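Student: Could you take me through one part of this model up close, then follow the thread from there? I'm happy with cut-offs, so please spell them out.

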Amino acid sequence: MSSYNVIPDNLKIIKDKIAAAEKNAGRKPGSVKLLAVSKFHPAEAVIEAAKAGQILFGENRVQEAFQKFPPICQKYPQTELHIIGQLQTNKVKHAVLIATTIESVDRIELIQEIEKQCARIDKKINILFEVHTGEDSKSGYTSRDLLIESLQACKDGKFPHVIPAGFMTMAPFTDDKALIRKSFVTLRKLAGELQEQFPSLNLTELSMGMSGDFEIAIEEGSTLVRVGTAIFGEREY
Ligand SMILES: *Cc1c(COP(=O)(O)O)cnc(C)c1O
């Protein structure tokens, strides 16, 4: 079946491509971080990546992550886990136990619950606001007003355990590169405007780009690319 020994090579290839894309775009070397998306892949695959020095991992389902990651985090204490999939309120309790960042924040009710659960365990957590920028994506804030309401509440100090760090988006699933780019440009512009509107928040993280489109995302200002298939291979659902 899957051979995990290709994972270090794949990581190297992706990192080289990220470095080349940074250079092409005239961006500082190292300005783009790599999140290895390990959803649907077993702990053995994650360990292979961790052994190769990978620190940031992404999972989209809390239950799966909760089974997979605690032993890995114990063995590789530098490991940081980001939750990147749609998050139900009742999963937040477990999510905050294992994650350092929740990238898929799409409503204020979710932030309220994250605050509540983080306060309970006295932990601070980073969040990214997921923004809906592409036609067929189902997730993310669709209303600028609601997004502003969430940012305002953060700015007003309503969520002391929640650290707003920036934004996340998913481009539409299409081969049309212009459409994909448009989605990333939309997020970059919005992020710039909101950073201006909320100067007291540090909204510098732009999580955009996946296996098929991370080079475009880097050209458009991504600081964090979320790559699964190109590192771990095809997922078996
Ligand atoms: C699965 C997933 C990824 C990684 O997708 P690949 O195409 O396998 O690189 C990135 N972001 C999110 C939100 C995902 O759910």
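Tutor: Let's start at Cys73, which sits in helix α3. Helices here are DSSP runs of H or I with at least four residues, strands are runs of E with at least two, and both are numbered from the N terminus. Before going further: this is a predicted model, where local features need pLDDT of at least 70 and side-chain atom pairs count only at pLDDT 80 or more, while totals for chains, interfaces and linings use all residues. Residues are numbered from 1 along each chain as its sequence is written, and side-chain values use heavy atoms, with hydrogens and water left out.

Cys73 has a relative accessible area of 25%, so it is partly exposed; buried means under 20%, exposed over 50%, and partly exposed in between, using a 1.4 Å probe on protein chains only. Its C-alpha atom is 23 Å from that of Ile14, 59 residues away along the chain. Move on to Tyr76, in the loop between α3 (62-75) and β3 (80-83). Leaving out residues up to four places away in sequence, Tyr76 touches Ile47, Ala50 and Lys51, where contact means heavy atoms within 4.5 Å. Tyr76 and Gly53 are 23 residues apart along the chain, with 9.5 Å between their C-alpha atoms.

Ile47 and its neighbours bring us to helix α2 (residues 43-51), which packs against helix α1 (residues 7-24) at about 55 degrees, with axes 9 Å apart. Axes are lines fitted to C-alpha atoms, for helices over the stretch in contact, and angles run from 0 to 180 degrees between N-to-C directions. α1 and α2 are therefore oblique to each other: under 35 degrees is roughly parallel, over 145 roughly antiparallel, 65 to 115 roughly perpendicular, and the rest oblique. The crossing of α1 over α2 is right-handed, meaning that the near helix is turned clockwise from the far one by less than a right angle, with anticlockwise giving left-handed. On the α1 side, Ile7, Pro8 and Leu11 meet Ala45, Glu48 and Ala49 of α2.

Just ahead of α2, Phe40 lies in the loop between β1 (33-37) and α2. Phe40 has a positive phi of about 70 degrees although it is not a glycine. Most residues other than glycine have a negative phi. At 26% relative accessibility, Phe40 counts as partly exposed.

Now for the interior. The largest nonpolar core has 66 residues, and Phe57, Ile102, Ile114, Phe129, Leu147, Phe167 and Ile231 have the most contacts inside it. A nonpolar core is a set of buried Ala, Val, Leu, Ile, Met, Phe, Trp, Tyr and Cys residues joined through side-chain atoms within 4.5 Å. Helix α7 (residues 177-197) gives the most to this core, with six residues. A separate core of five residues includes Leu35, Val37, Leu56 and Ile84.

α7 has company too: helix α6 (residues 144-155) packs against it at about 40 degrees, with axes 12 Å apart. Arg144, Leu147, Ile148 and Leu151 of α6 make that contact with Leu190, Glu193, Leu194 and Gln197 of α7.

Finally, look at Glu220, in the loop between α8 (214-219) and β8 (224-227). Glu220 counts as buried because its relative accessibility is 10%. Its side chain makes polar contacts with those of Arg181, at 2.7 Å, and Arg188, at 2.5 Å. A polar contact is a pair of N or O atoms within 3.5 Å; within protein, one must be able to donate a hydrogen and the other to accept it, and residues adjacent in sequence count only if both atoms are side-chain atoms.
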